[in-house]
Amino acid sequence: MDPLRFLTSEHGFFTRQEAREAGYDDRAVARMVRSRTWVRFRRGYYAFADEWEGLDEVGRHRVRSSAVLRSLGDVVALSHVSGSVRHDIEVWGAPLDRVHVTRLDGGPGRIEGDVVHHEGLTVDNDVMVVAGERVLPPARCALEAGSRLSNEPALCLFDAGLRNRKFDHEELAAQFRLMQHWPFMRHLHIPVRMADGRSGSVGESRGRWTFRIVGLPAPVLQYEVRDRHGILIGIVDWWWPQLNLMGEFDGRIKYGRLLKPGQNPGDAVFEEKKREDELREVTGAAMLRLTWADYERPIEIRRRVERLARLAG
């Protein structure tokens, strides 16, 4: 195996020094970058182009974060959105163009190239090691990341942390009480209070925020629909008993996840249609289905809910 491939399989990157040790002088390094065999993603740090292009935005941020920790040593820990990524918390809506670290040595806050250095109070048990890398605790990372976001992506972030059991609501609320007077934190009292790990995806969290801002009642989450014998027919994302309305979010990959061995997407859509018909028959309720595009027109969502509620009687 190419020794540099071994390094990228472990860390996602290799350094210029490691390339030299593998037999590449400066001219060879420049040639590999020029031919787009390698990608230089920060000064002195490289990845194989085929591997780099196979990563999504979050995967590239994770590699950048590892490289930053390598370059800065033990005086920093990943925090904010970078810490959230390291804890495998979904970070929809968060900018990933810079790596965020918190100084452990009392150094000043500043932006330096592709790194944001934060000042912050830390004690010994504030620093964890995840996959060999120093990172602040997940609830703190989520709150500090959320503090730089608007409330909708902050709620999605908190729901994701709860859903993936990186923290529970008590931990999140306790951490917020400790940090609520820190800069940029005040607006988070609403998404912290709303956070609920029963939201099964970012799309479902966005739905909950949309319902709030357009004045709709908060739905029951992950409602189990049972027939008169108590047999489970299905679980819907949202349920409004006062409106006699069910709701579900349809992400682009939803039907792909529903595919059984040998089943094509058309069959999956048909099965989902049968499921929806049975849910409506058992409950006598209407069904609201939302997609990503619907969130661009929140007032139209309210109108649809009102129209479906009238039809459901």
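## How do we know? Talking through a predicted model

Tutor: Of the contacts in the protein chain that link residues at least 6 apart in sequence, 56% join residues at least 24 apart. Keep in mind that this is a predicted model.

Student: What makes two residues a contact here?

Tutor: Their heavy atoms have to be within 4.5 Å.

Student: How many helices and strands does the protein chain have?

Tutor: There are 14 helices and 13 strands. The C-alpha trace spans about 75 × 50 × 35 Å along its principal axes.

Student: And how much of the chain counts as buried?

Tutor: The chain has 313 residues, and 47% of them count as buried. As for what it exposes, that comes to about 16,500 Å², with carbon and sulfur atoms supplying 50%.

Student: How far apart are the mean positions of the positive and negative charges?

Tutor: They are 4 Å apart, for 48 positive and 46 negative charges.

Student: Let's go to helices. Why is H7 called roughly antiparallel to H8?

Tutor: Helix H7 covers residues 138-147 and helix H8 covers 151-163, and their axes cross at roughly 170°. Angles over 145 degrees count as roughly antiparallel, so H7 is roughly antiparallel to H8. The two axes come within 9 Å of each other.

Student: Which residues make that contact?

Tutor: Ala142, Leu143, Ala145 and Gly146 do it from the H7 side, while Ala154, Leu157 and Phe158 do it from H8.

Student: How do you know that H7 is largely enclosed by the rest of the structure?

Tutor: Count its buried residues: ten of ten, so H7 is largely enclosed. Among them are Arg140 and Glu144, along with Pro138, Cys141 and Ser147.

Student: Why is arginine 86 called buried?

Tutor: Buried means under 20% relative accessible area. Arginine 86 has 11%, so it is buried. It sits in helix H6, residues 80-86.

Student: What does arginine 86 touch?

Tutor: Leaving out residues up to four places away in sequence, arginine 86 touches Arg62, Ser66, Leu78, Val130, Ala131, Glu133 and Val135.

Student: What about valine 236: buried or exposed?

Tutor: Its relative accessible area is 0%, and with the cut-off for buried at under 20%, valine 236 is therefore buried. This residue belongs to strand S11. Its partners, again not counting residues up to four places away in sequence, include Gln222, Tyr223, Met246, Arg275, Leu279 and Met287.

Student: How far is valine 236 from histidine 118?

Tutor: Their C-alpha atoms are separated by 42 Å, and the two are 118 residues apart along the chain.

Student: What makes proline 241 partly exposed?

Tutor: Partly exposed runs between 20% and 50%. Proline 241 comes in at 48%, so it counts as partly exposed. You'll find proline 241 in the loop between S11 and S12. Along the chain, alanine 285 is 44 residues from proline 241, with 9.0 Å between their C-alpha atoms.

Student: That loop also holds asparagine 244. What makes the phi of asparagine 244 worth a look?

Tutor: Most residues other than glycine have a negative phi. Asparagine 244 is not a glycine, yet its phi is positive, about 55°. The loop runs between strand S11 (232-240) and strand S12 (245-249).

Student: What is the phi of phenylalanine 184?

Tutor: About 75°, which is positive although phenylalanine 184 is not a glycine. Its home is the loop between helix H9 (169-179) and helix H10 (189-194).

Student: Why is phenylalanine 184 called partly exposed rather than exposed?

Tutor: Exposed needs over 50%. Phenylalanine 184 has a relative accessible area of 49%, so it is partly exposed.

Student: How do you know that glutamate 112 is partly exposed?

Tutor: Use the range between 20% and 50%: at 41%, glutamate 112 is partly exposed. It lies in strand S6, residues 110-112. Arginine 98 is 14 residues away along the chain, and the C-alpha atoms of the pair are separated by 9.5 Å.

Student: And what makes glutamate 271 partly exposed?

Tutor: Its relative accessibility is 35%, so glutamate 271 counts as partly exposed. Glutamate 271 is part of helix H13, residues 265-283. From glutamate 271 to leucine 290 is 19 residues in sequence and 18 Å in space, C-alpha to C-alpha.

Notes. Residues are numbered from 1 along each chain as its sequence is written. This is a predicted model: local features need pLDDT of at least 70, side-chain atom pairs count only at pLDDT 80 or more; totals for chains, interfaces and linings use all residues. Side-chain values use heavy atoms; hydrogens and water are left out. Helices (H or I, at least four residues) and strands (E, at least two) are DSSP runs, numbered from the N terminus. Buried means under 20% relative accessible area, exposed over 50%, partly exposed in between (1.4 Å probe, protein chains only). Accessible areas come from the Shrake-Rupley method with a 1.4 Å probe; for residues, only the protein chains shown count as cover. Lys and Arg count as positive and Asp and Glu as negative; His and the chain ends are not counted. The place of a charge is taken as NZ of Lys, CZ of Arg, CG of Asp or CD of Glu. Axes are lines fitted to C-alpha atoms, for helices over the stretch in contact, and angles run from 0 to 180 degrees between N-to-C directions. Angles under 35 degrees count as roughly parallel, over 145 as roughly antiparallel, 65 to 115 as roughly perpendicular and the rest as oblique.
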